Amino acid sequence: MEIKFYGASAGVTGTCHILRVNGHTLLLDCGMIQGGKRLEAMNKQPFPFNAETVDAVILSHAHIDHSGRLPLLVRRGFKGKIWTQNASRDLCSVLLTDSARIMESDARYKNRKAKPGVAEIKPLYSSKDAQLALQQIQGIVYRQWQQVLPGVKVRFQDAGHILGSAVVELDLQEGELRRRLVFSGDLGQYDTPILRDPESPKRADFVLMETTYGGRRHRDRQATIDEIGEIISAAAETKGNILIPAFSVGRSQEILYQLASNYEAWGIDRFQVFLDSPMAIETSELYWNYPQLFDQEARLVKQQAGEMPLLPNLVLSRSSDESKAINKIKDGAIIIAASGMCTGGRILHHLRNNLSRAETQVIIVGYQAHGTLGRKLVDGVEEVRIYGQTIKPRAQIHTVGGLSAHGDQDDLARWYEGFENKPKVYLVHGEDEGKSEFQDYLKRRCEVTAGISKPGLVVDLAS
Ligand SMILES: [Zn+2]
Ligand SMILES: [Zn+2]
């Protein structure tokens, strides 16, 4: 009985841990490596196992850095079941379909631009592979034990990170040996809107724990919401458009929920709100259809209103014609569009049209990686290039921290403290610095010395 670290054991993307028990091989997640061309090229490399002999996958949640290589696994011969929470299964059908479509269109584009004689570029996987992977997904509910293989039972608890996200408990049996392994998946913050708080299992022998923000404290969430309110209220006077670049899954729904909850206080009735992203629209519909997974407050909203979000002036723009029509609007529009870091998607068109106007407000609500257009805007560069056009930003750029989908140092430790025993813990899904800072923090606060994962490291679960 052992666990071997493979993906996201250095860095935060490409999560995949290999569990061997009772002669079976299981994967905990099978995510895509993200973060620039050099890293992403690693997705093509062979797996350190034979995909044909993997017996099952347990998927913690639908984010691509956890689910994105499932179609590749299937393409390489994996025939088993992929166990995940029901809402994650539904989100996967949006995200994996989209991921395959992007790869196919990228490959087509590169082949078109390639010089004659250059070998044809093939996508990492096709839409067909994604459909096959989706058929292998088996959705289950939270809080019920499920036998997935002889000697392997699994139970999901809410991780509070995105809809359907799970903390995975594994009950493992090999002859006389019995072990409880807990994989945190990605853990959300406590007291976020819509979602429930992360749940801590009561007992474990070993815990694999994410540490994305293991070295950080988030800004107070309410202060962030208040700041967004101030920006929007003030913008009603200055007469400009408000652009909010946002990830399609999670962040877009939270923004809509906040706009609806503060409809009168923020003067939202003076605006037209556009959700300009087919994927965010699809994801939102999915979110609002899972009230049984909401926290109490959101469930009450859904019960009383019947529909969500309650925004009479919300326009869902699906087609590109609908999106282009927004270009004519010079003031009074709140535009929520992907991508969250302004690296592509429809937000680019809106930035091109609005960035040079002093009355425009851009609200940055998410993390912006180095090198992205979003980061350049945050850093206040003098000019940017969008679709070959040079633009000098004159818009007001507001960076509001505090809306992260990941818990911070305090949240992570609080989750660990939910265990009644003090299980052995290994830190995964974090940069080196975050992991070692969290290791120190956990030692001070909980008197536990956590191990740090490394690719290829094997932990004997019998120990
Ligand atoms: Zn995630
Ligand atoms: Zn993640």
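Two worked exercises follow, on a zinc site and on a sheet in a predicted model. Local features need pLDDT of at least 70, and side-chain atom pairs count only at pLDDT 80 or more. Residues are numbered from 1 along each chain as its sequence is written.

**Exercise 1.** Determine which protein atoms are donors of the zinc ion (ligand 1), and classify their arrangement.

Solution. Begin with the donors, which are N, O and S atoms within 2.8 Å of the metal (3.2 Å for Na, K and Ca), water not being among the atoms. H61 (NE2), H63 (ND1), H161 (NE2) and D186 (OD) qualify, lying 2.1 to 2.4 Å from the zinc ion (ligand 1). Next, take the angles: the four donor atoms subtend 90 to 166°, which makes the arrangement irregular, given that four donors count as tetrahedral if all angles lie between 85 and 135 degrees, and as square planar if opposite donors are over 155 degrees apart and all others between 65 and 115. Finally, D186 also coordinates the zinc ion (ligand 2), the two ions being 3.5 Å apart.

**Exercise 2.** Establish the order of the six strands in the open sheet, and identify those at its edges.

Solution. Two strands pair if DSSP finds at least two bridges between them, strands being DSSP runs (E, at least two residues). The order is β14-β13-β15-β12-β16-β19, with parallel pairing. β14 (314-316) and β19 (396-399) each have a single partner strand and stand at the edges, so one side of each is left without a neighbour in the sheet. Within the sheet, four bridges join β13 (residues 272-275) to β15 (residues 333-337), and L275 stands opposite I336 in β15.

Key:
Chains lettered and ligands numbered in written order. Heavy atoms only, no water. Tetrahedral: all angles 85-135°; square planar, octahedral: opposite > 155°, others 65-115°.
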